[in-house]
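Please take a moment with the sequence and the model shown here, and keep both in view while reading. The paragraphs that follow go from a single residue outwards to the sheets, a helix and the empty spaces.

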Amino acid sequence: MRILVVGGGVLGTLHAWEAVQRGHEVVQIERETEARGASVRNFGLVWVGGRAGGVELATAVRARGLWERIGGRVPDLGFRANGSLTVVRTEAELAVAREVANGAEAADRGFKLLDAAETRALNPALRGGFLGALWCDRDGAVEPRTAQPALRAALAATGRYTWLPGREVRDLVSGGVRDDRGERHGADVVLLCTGAWLGGLVREVAGEIPVRRVRLQMAQTEPLGERLTTSVADADSFRYYPAYRGPSLDALAAAQPQPPVAAGAAMQLLMVQRLDGSLTIGDTHEYAQPFGFDVTEDPYRHLDEVAGALLGRPLPRITRRWAGVYAQATDPSKIVHRAEIAERTWLITGPGGRGMTCSPAIAEDTAQEAGF
C-alpha cells in the first residue's frame with residue numbers, strides 16, 4: 001500500500017514511521033524545507049505525569065513505551081528516560097503533590113513524593129530552597145530540533161520512504177493530491193498532518209474544525225556546566241495539567257495566586273537540558289487571536305527568577321528566544337482531531353501540548369482506524 005503523509009512535523013513523521021513499520025511505501029510532503037512549527041519549538045518532553053486520567057493517560061503511557069523502542073533503533077533521536085521533578089516550595093504546593101502521590105493513579109503515572117534531601121540526591125543541580133518534589137519516573141525527553149531528520153534518515157534506509165520538502169499541497173484529486181508545482185502524487189491513503197495550518201486547503205476540504213491555535217514563548221540558554229539529571233517543572237505546572245485537579249489544587253489557587261505576569265501569560269516553568277548541556281525553558285500560553293507578534297520580556301524575567309531559585313544560582317545566559325503556535329482540539333476528551341474528510345483521506349491535527357508526547361500512539365491509532 002502507498003501512504004502519502006502531508007506535513008513534516010513530529011505528528012506527520014511518526015505517521016510515516018508507523019506506516020513504514022507496517023510494510024507500506026510512504027511519501028512525505030512538507031511545504032518548508034524542514035519542519036518549522038511547534039514540532040521544533042518545544043521542550044522535547046515525553047510528559048506522562050500530568051495527563052488527564054483515562055484515555056489520555058493510557059495513550060501517553062503507550063506512547064512513552066513506543067518512544068523508548070524507537071529511540072533504541074534511532075540513537076540520534078536522543079531519547080532518554082530521565083523522568084521529571086515538579087519542585088514544590090510552599091506547604092500549599094506540597095499538599096497538591098502529596099494528594100496526587102497518594103492518588104489512585106499514582107502507580108500508573110510513576111509518581112513518588114520526595115523530600116528536599118531526596119530531590120537533591122536525584123538531581124544535584126537543584127541547590128535552591130524547596131520542600132521537596134513530585135517525582136515522575138515515566139517521563140522522558142528527545143531532541144526536538146533534530147528528531148525529525150533523525151527519524152527520516154532511518155526511514156530512508158528502508159528503501160520504502162521518500163521525502164519531498166518545499167512543496168505545498170494545493171488540491172485533493174482522485175487517488176492522491178496535487179502540489180503547487182502541478183505534480184500529482186498518487187496514494188492509497190492520504191494523511192493530512194498539517195499542524196497549526198488550519199486555513200487554505202484544510203478549510204476548503206474540512207471546513208471549520210473543532211481545533212484552536214495556541215501561541216507560546218520559550219527560550220534556550222548557554223550550557224549549564226553540569227548535568228540536569230531530570231526534567232524540571234515548578235508547581236505552577238499543577239495549575240495547567242489535568243492530573244493535578246482536586247481539593248488541594250483548589251486550596252492552592254485560593255491561598256497562593258500566581259504573580260500577575262505568570263497569571264496573565266498562563267505560565268509555568270518547564271526546564272529540560274539538551275544534549276549539548278544547554279537548557280530549554282518556558283513557557284507561556286496565549287489563546288485569544290489575533291496573537292501578538294512581539295516576543296515580550298516580562299515572562300523571561302519571571303522564568304529566570306523561578307529557575308534560578310530552584311537551581312540556587314543564576315540561570316545561564318539566554319542565547320535564543322522564540323514564539324511558536326500549536327493546534328489544540330477544543331474537546332478536552334479528544335487526544336487529537338482525526339476525521340476522514342474524503343475517501344481514504346484523513347485529517348489528523350490538534351494534539352495541543354501532547355504532540356511530542358503522544359505522536360507515536362496517535363499514529364498507531366490512525367493506522368488502526370484508517371485500516372492500513
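A residue is called buried when its relative accessible area is under 20%, and exposed when that area is over 50%. The model to which this is applied here is a predicted one. Is leucine 191 buried or exposed? Its relative accessibility is 0%, and therefore leucine 191 counts as buried. This residue has its place in strand 12, and, once its neighbours within four places in sequence are left aside, leucine 191 is in contact with Ile3, Leu4, Val5, Val6, His15, Trp346, Ile348, Thr366 and Phe372. Distance along the chain and distance in space can be set side by side for leucine 191 and arginine 344, which are 153 residues apart along the chain, while their C-alpha atoms are separated by 8.5 Å.

From this residue we can move to the sheet around it. Strand 12 is one of six strands that form an open sheet with mixed pairing, and their order is 8-2-1-12-19-18. Strand 8 (161–165) and strand 18 (337–342) stand at the edges of this sheet, and because each has a single partner strand, one side of each is left without a neighbour in the sheet. From one strand to the next, the twist averages 20°. Within the sheet, strand 12 (residues 189–192) and strand 19 (residues 345–349) run parallel and are joined by three bridges; in strand 19, leucine 347 is the bridge partner of leucine 192. Helix 1 (residues 10–21) packs on the sheet, where it touches strand 1 (2–6), strand 2 (25–30), strand 8, strand 12 and strand 19, and the direction of helix 1 makes about 170° with that of strand 2.

Another open sheet is formed by three strands in the order 9-10-11, and here the pairing is antiparallel. Its edge strands are strand 9 (169–173) and strand 11 (184–186), each of which pairs on one side only, and the twist averages 25° from one strand to the next. Strand 10 (residues 176–179) pairs with strand 11 in the antiparallel sense over three bridges, and arginine 178 has arginine 184 as its bridge partner in strand 11.

Next comes a helix. Helix 2 (residues 55–73) has 19 residues and reaches 27 Å from its first C-alpha to its last, which is close to the 27 Å expected at 1.5 Å a residue. Several residues of helix 2 are buried, among them Leu57, Ala60, Ala63, Arg64, Trp67 and Ile70. What covers the buried residues of helix 2 includes helix 1, strand 3 (45–46), helix 4 (106–109), strand 7 (140–141), helix 6 (147–156) and helix 11 (355–370).

Finally, the empty spaces deserve a look. How many cavities of 30 Å³ or more does the structure hold? There is one, and the volume of the largest cavity is about 40 Å³. Its lining is made by Val40, Arg41, Asn42, Pro144, Arg145, Gln220, Arg274, Thr280 and Trp322. The second largest pocket, in turn, holds about 200 Å³ of space. It is lined by 14 residues, and those closest to its centre are Arg89, Asp234, Asp236, Pro259 and Val306. Helix 10 (residues 298–311) gives the most to the lining of this second largest pocket, with three residues.

Methods:
Residues are numbered from 1 along each chain as its sequence is written. This is a predicted model: local features need pLDDT of at least 70, side-chain atom pairs count only at pLDDT 80 or more; totals for chains, interfaces and linings use all residues. Side-chain values use heavy atoms; hydrogens and water are left out. Two strands pair if DSSP finds at least two bridges between them. Helices (H or I, at least four residues) and strands (E, at least two) are DSSP runs, numbered from the N terminus. Axes are lines fitted to C-alpha atoms, for helices over the stretch in contact, and angles run from 0 to 180 degrees between N-to-C directions. Contact means heavy atoms within 4.5 Å. The expected span of a helix is 1.5 Å times one less than its number of residues. Buried means under 20% relative accessible area, exposed over 50%, partly exposed in between (1.4 Å probe, protein chains only). On a 1 Å grid over the protein atoms alone, a cavity is a set of points where a 1.4 Å probe fits but cannot get out, and a pocket is an open set with protein on both sides within 12 Å along at least five of seven lines; lining residues have an atom within 4 Å of a point. Grid points are joined across faces, edges and corners, and a volume is the space filled by probe spheres set on the points.
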